[in-house]
Amino acid sequence: MHEAILFAVILENLQFRYILLQLFKTNENLSDVMLTRNEALNLVKNNVSKRNVLFHMLAVEAIMRGAAKYLGENEEQWALIGLLHDIDYEKTEATPERHSLLTEEILKGLVPEVLIKAIKAHNFRHTGVMPETRMEKALIASDAISGLLVACALVMPSKKLADVKVETVAKKFKDKDFARGAERERILVCEEIGIPREKFFEIALNGLKTIASEIGL
Ligand SMILES: [Fe+2]
């Protein structure tokens, strides 16, 4: 009897240690080589000179943060991907097939590989890295909806994001001639990760409104 109890205690102890080990391993993987938000922003500013490119990356950062929060994912990590995802944009404008591959060179050793893979997957048409994870798919949807939201703000008489409502976004989303660059099928990738489109409009709009003054909207 005593032996059975002793065995159960040892087993429980081992399981507990295993769980701790796994947790520690996960945290170690997440925190190894990670830029702070400030370091990332400085890196962006060193690589991007056009205001609209910087504003776009700040926009995607805010939307990714909102999506992560909604899904219970790692907000800091998702936001960082949004902020960094087009860091090579100006340097690869003439060579779109290099877009995000140059980013890989810039970010190598500075952020975890999973972030770099997500950024490569947002240009899957050229890199061939297909989006698979929620984080990778969220980046595609967030990147695409940011253009739609900015366009929605700019057609308001005030040109302010504050006047844009979720219904405005839903209506403009259906108008295929409006902001055609904001590819609707990329926005709809949100539904593959469990965010219904109307909910995603709301999350993205609210996220962008938090930085409206920063991006001149
Ligand atoms: Fe982008």
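I'll start at Leu-149, which touches Val-164, Val-169, Ala-204, Leu-205 and Leu-208, leaving out residues up to four places away in sequence. Bear in mind that this is a predicted model.

Leu-149 comes up again in the largest nonpolar core. That core has 56 residues, and Leu-149 is among the four that touch the most other members, along with Met-64, Ile-81 and Ile-145. At least two core residues come from each of helix 2 (37–47), helix 3 (51–71), helix 4 (75–84), helix 6 (113–121), helix 8 (134–154), helix 9 (166–174) and helix 11 (197–209). Helix 8 gives the most, with 12 residues.

Now to helix 8 and helix 11. Two packed helices are described by the angle between their axes and the distance between the axes. Here the axes come within 10 Å and cross at roughly 70 degrees. An angle of 65 to 115 degrees counts as roughly perpendicular, so helix 8 is roughly perpendicular to helix 11. The crossing of helix 8 past helix 11 is right-handed.

Which residues meet there? From helix 8, they are Ala-141, Ser-142, Ile-145 and Leu-149; from helix 11, Phe-200, Ala-204, Leu-205 and Leu-208. By type, the residues of this contact are seven nonpolar, one polar and no charged.

Staying on helix 11, take Glu-198, which has its place in that helix. Is Glu-198 buried or exposed? Neither: Glu-198 is partly exposed, because 13 other C-beta atoms lie within 10 Å. Beyond its neighbours within four places in sequence, Glu-198 is in contact with Val-166 and Ala-170. Its C-alpha atom is separated by 8.8 Å from that of Val-169, with the two residues 29 apart along the chain.

Next, helix 4, where Leu-84 is placed. Leu-84 counts as buried because it has 27 C-beta neighbours inside 10 Å, and the cut-off for buried is 20 or more. Setting aside residues up to four places away in sequence, Leu-84 touches Ala-40, Val-44, Leu-107 and Ile-119. Leu-84 and Leu-115 are 31 residues apart in sequence, and their C-alpha atoms are 9.4 Å apart in space.

That leads to helix 6. Its buried residues are Leu-115, Ile-116, Ala-118, Ile-119, Lys-120 and Ala-121. What do they pack against? The partners are helix 4, helix 5 (101–107), helix 7 (124–127) and helix 8. With helix 8 we are back at the element that gives the most residues to the largest nonpolar core.

Technical notes
Residues are numbered from 1 along each chain as its sequence is written. This is a predicted model: local features need pLDDT of at least 70, side-chain atom pairs count only at pLDDT 80 or more; totals for chains, interfaces and linings use all residues. A nonpolar core is a set of buried Ala, Val, Leu, Ile, Met, Phe, Trp, Tyr and Cys residues joined through C-beta atoms within 7 Å. A residue is buried if 20 or more other C-beta atoms lie within 10 Å of its own, exposed if 12 or fewer, and partly exposed in between; C-beta atoms are placed from the backbone. Helices (H or I, at least four residues) and strands (E, at least two) are DSSP runs, numbered from the N terminus. Two residues are in contact if their C-beta atoms, placed from the backbone, lie within 7 Å. Axes are lines fitted to C-alpha atoms, for helices over the stretch in contact, and angles run from 0 to 180 degrees between N-to-C directions. Angles under 35 degrees count as roughly parallel, over 145 as roughly antiparallel, 65 to 115 as roughly perpendicular and the rest as oblique. A crossing is left-handed if the near helix is turned anticlockwise from the far one by less than a right angle, and right-handed if clockwise. Ala, Val, Leu, Ile, Met, Phe, Trp, Tyr, Cys and Pro count as nonpolar, Asp, Glu, Lys and Arg as charged, and the others, Gly among them, as polar.
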